[in-house]
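Hi,

Here is the structure I said I would pass on. Have a look at it first, and then read my notes below.

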Amino acid sequence: LDFRERSQCPKELPTEKGKRDRITVGMAVDSSDLEDENKPYSEYRRNDYHPSTIEYDKMRFEGFDKSKKQKKGQEPPVPHHPKQITKELSDLEDHGVCLSFGKLRVGRSFKEQAGRGVFSTTHIQKGETILTSPLLAIKRDDFTIYKSDPEQKFVRDVVDKSTIVGYELLLNYAFGHSDSPMLLVPSAPLANFINHGGPSVGEKPKSNSANVFVRWPEEGSKAAQLFGWAYTNGFGDKYQDFDPTTSYEHNPWLKMHPIDVMERSGKLVFEYVALRDIHNNEEILIDYGPLWENAWNSFSTVHPYARSGYFRHSIGVPPNLYPPNWLHVSDKYEIKEIKDFESNPLKPGEVLPLTWAHNGKPVSSKYAYAVGLPEGFSDKFLKYSEEIGVVDLYNKLLAEQEGYHLPSDGFAVYKPGHLVSNQTAIGQVERDMEFFAHRYHSDQFNFNMHFVAAWDEAARLSVLKALGNAGFDVALRGIGERFGYYNLTCFHGSYMGVTHCDQSKVIKLFFEVSIQDTI
C-alpha cells in the first residue's frame with residue numbers, strides 16, 4: 001500500500017483484500033465477476049506508471065549526483081530507461097523467446113466454478129507449442145501458512161511450525177509431484193488461467209478433456225537454448241551474453257538437486273503443447289492429475305458453509321516430467337560429513353572441509369571445517385564444568401530462577417563456584433572465579449540462549465587449562481598444520497546454552513588481531 005500511495009497507483013479493491021484476510025468461505029467476491037474498470041490493479045489494467053522513466057527524467061533535469069559534479073542535462077546511467085532496453089524486433093527474434101504466440105485469449109470458462117479460462121483465437125495444430133512459461137521453483141513447505149508470533153521485533157511474525165493455519169493461494173497454480181519437495185509455478189501471461197480438463201480422450205474436439213500437456217523444451221529449440229544459457233550462466237564463471245549460434249546444455253536443471261534448482265528459480269522453463277488439433281474458440285484445458293481431481297471432488301461435495309477453508313492443491317505433473325533425482329530427497333541443507341561422523345568419526349586432530357550432502361560442493365571456501373577431538377574430550381570438559389558450577393549456573397539461568405532472570409540482551413557477573421553443593425570439592429580460588437552471563441536478544445528471536453564466559457583472569461586461565469587437559473591442544477595442532485600456521489593459540493573460551501529456539505540464527509564471531517597487537 002505504501003508503494004501504491006507513493007506512486008499514485010489505483011488502490012486495490014475490498015474484494016481482493018477479502019481474499020487475503022478472510023478465511024470464511026463465501027466472504028470474498030471472485031474478481032472475474034467484476035467489470036473491467038473495477039478489476040484489481042494487477043488484472044488487465046494498463047500500467048501507466050514507469051518508475052524508471054520518471055526517476056530518469058527527474059535525475060536528468062534536476063541533477064542526479066552532485067558529489068561527482070555531474071551537470072544538469074547529462075545522461076544519467078539508469079539501466080532500465082526505455083532508450084537502453086528497447087530492442088529492434090530482429091534482435092528480439094534472435095535473442096528472445098516468444099512466450100505466447102498470439103493464438104490465445106482469456107474469457108469466461110465453460111466449466112462450472114472455474115471462473116476465467118484460456119481460449120484459442122485460431123486453429124492450432126497437434127504438436128504445436130502454444131505457450132512457453134518460465135518457472136519459479138519454490139520449496140513445497142513455503143506454501144504452508146503457519147501460526148505466527150506477532151510479538152517478535154527483529155523478524156516479523158516468527159512462525160510456530162507446530163500449528164498450520166492454511167496454505168497459500170499460489171499453491172493452486174503450482175505444478176508438482178507428491179514425492180518431491182519442490183513445486184514449479186508458471187510465470188508467463190495466460191498460463192495460470194488454464195483450467196483442468198481431465199485425461200485426454202483422443203482426437204474428439206470440444207470434449208472438455210485435456211487438449212494440451214506440459215513438457216520440457218526439446219533439444220535445439222530456442223527455449224532450450226535461451227534457458228540453458230540463463231540457467232548455467234554465472235555458475236562460477238563471469239557473465240556472458242547469450243549467443244544464439246552457441247550450443248548450450250540441454251535442460252541442465254534436470255540433472256541437479258531440487259535445492260540447487262530452487263536457487264536458480266525463474267531460470268527454467270516448460271512448454272504447453274497441443275495434444276490434438278484445437279479449433280477456434282475452444283477452451284484450452286490440461287489434465288491436473290488424479291490426486292488433484294480426487295481432492296477437488298472431496299471438497300466440492302461439502303456445502304460451502306461447512307468447509308474448513310478454501311480449496312488448496314497443487315497441479316500434478318505428467319509421468320516422468322520430474323527426473324528421479326527430484327524425488328524422495330530432502331529440501332534441507334545438510335552437511336555430509338556430520339551425517340557420516342557416527343559411522344566414520346574423525347581421528348584426533350584431523351581437519352576435514354565440510355561439504356553439502358545434496359551436491360558434494362564445499363559449504364564455504366574458508367572457515368567451514370570439522371576438527372577431530374580426542375576420545376573423551378566432551379566428558380572431561382563437562383565434568384570440569386560441573387565441578388566449578390557452570391552447569392548449576394545454566395540450570396538457574398535457563399529456568400529463569402529468582403535472581404537469575406536476565407532481560408533481553410541483559411548482562412550479569414556471577415560466581416558459579418558458590419552454587420556447587422559440595423564446597424569441599426573445589427578450592428577457594430575456584431569458588432571465587434567470576435563468570436559473566438549474557439542473554440542474547442531473546443526479544444528478537446523466540447529463544448533463551450545465554451553466553452557464559454570467564455570474567456576475571458583466574459577464570460580465563462582455569463577454562464584454558466581445562467581445555468588443554470581434555471585434549472584441545474590436539475585440535476589446535478591439527479588446525480595449524482592444515483593451514484600452515486607457525487603458531488596457533490586459544491586465548492578465550494565461552495559456553496552457549498539454550499533449551500528452546502523457535503527461530504534459528506547464524507552467529508559469526510570473528511576477531512582480527514594484528515601481529516603488532518599480540519607482541
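**Loops, sheet and confidence**

Leucine 190 sits in the loop that runs between E7 and strand E8 (195–196). Before going on: this is a predicted model, so please read everything here in that light. Leucine 190 is not a glycine, yet its phi is positive, at about 80 degrees. That caught my eye because most residues other than glycine have a negative phi. Is leucine 190 buried or exposed? With a relative accessible area of 16%, leucine 190 falls under the 20% cut-off, so it counts as buried.

Asparagine 320 makes a nice counterpart. Its phi is also positive, near 70 degrees, and again the residue is something other than glycine. You'll find asparagine 320 in the loop between strand E12 (315–316) and helix H9 (336–340). Asparagine 320 has a relative accessible area of 76%, so it is exposed.

Now to strand E3, residues 129–139. How many of the 11 residues of E3 are buried? The count is 9, so the strand is mostly covered. E3 has two antiparallel partners to look at. One is strand E10 (residues 268–274), joined to E3 over 6 bridges; there, leucine 135 has leucine 268 as its bridge partner. Another is strand E7 (residues 182–186), with 5 bridges to E3, and here isoleucine 138 is matched with leucine 183.

Further along the chain, threonine 355 is worth a click. It belongs to the loop between strand E13 (351–353) and strand E14 (369–371), and it is buried, at a relative accessible area of 14%. Its side chain makes a polar contact, at 2.7 Å, with the side chain of glutamate 337. Setting aside residues up to four places away in sequence, threonine 355 touches Glu334, Ile335, Lys336, Glu337, Gly360, Lys361, Pro362 and Val363.

Then there is helix H11, residues 390–398. Which residues of H11 are buried? They are Val390, Leu393, Tyr394, Leu397 and Leu398. These residues span an arc of only 115 degrees around the axis, so they lie on the same side of H11. What do the buried residues of H11 pack against? Their partners are helix H10 (377–387) and four strands: E15 (411–414), E16 (435–439), E17 (450–454) and E18 (494–497). Just past the end of H11, glutamate 400 has a positive phi of about 55 degrees.

Those strands form an open sheet of 4, in the order E15-E16-E17-E18, with antiparallel pairing. E15 and E18 are the edge strands, each pairing on one side only. From one strand to the next, the twist averages 20 degrees. Looking at E15 and E16, the antiparallel pairing runs over 4 bridges, and alanine 412 stands opposite alanine 437 in E16.

Methionine 433 is in the same part of the tour, in the loop between helix H12 (428–431) and E16. At a relative accessible area of 2%, methionine 433 is buried. Which residues surround it, leaving aside neighbours within four places in sequence? Methionine 433 is in contact with Tyr384, Ile388, Tyr414, Lys415, Pro416, Asp456, Ala458, Ala459 and Ser462. Take proline 416 from that list: it is 17 residues from methionine 433 along the chain, and the two C-alpha atoms are separated by 7.5 Å.

Finally, a word on confidence. The chain has a mean pLDDT of 79, with 75% of its residues at 70 or more. Where in the chain is confidence lowest, and where is it highest? The lowest is helix H15 (residues 515–518), with a mean of 36, and the highest is E7, at 97. Two stretches stay under 50 in pLDDT. Over residues 1–31, where that applies, the model has 47 contacts beyond four places in sequence. Residues 59–72 also stay under 50, and for them the model has 19 such contacts.

Shout if you'd like to go through any of this together.

Cheers

Terms used. Residues are numbered from 1 along each chain as its sequence is written. Side-chain values use heavy atoms; hydrogens and water are left out. Buried means under 20% relative accessible area, exposed over 50%, partly exposed in between (1.4 Å probe, protein chains only). The arc is that of the directions from the helix axis to the C-beta atoms. Contact means heavy atoms within 4.5 Å. Two strands pair if DSSP finds at least two bridges between them. Axes are lines fitted to C-alpha atoms, for helices over the stretch in contact, and angles run from 0 to 180 degrees between N-to-C directions. A polar contact is a pair of N or O atoms within 3.5 Å; within protein, one must be able to donate a hydrogen and the other to accept it, and residues adjacent in sequence count only if both atoms are side-chain atoms. pLDDT is the predictor's confidence in each residue, from 0 to 100.
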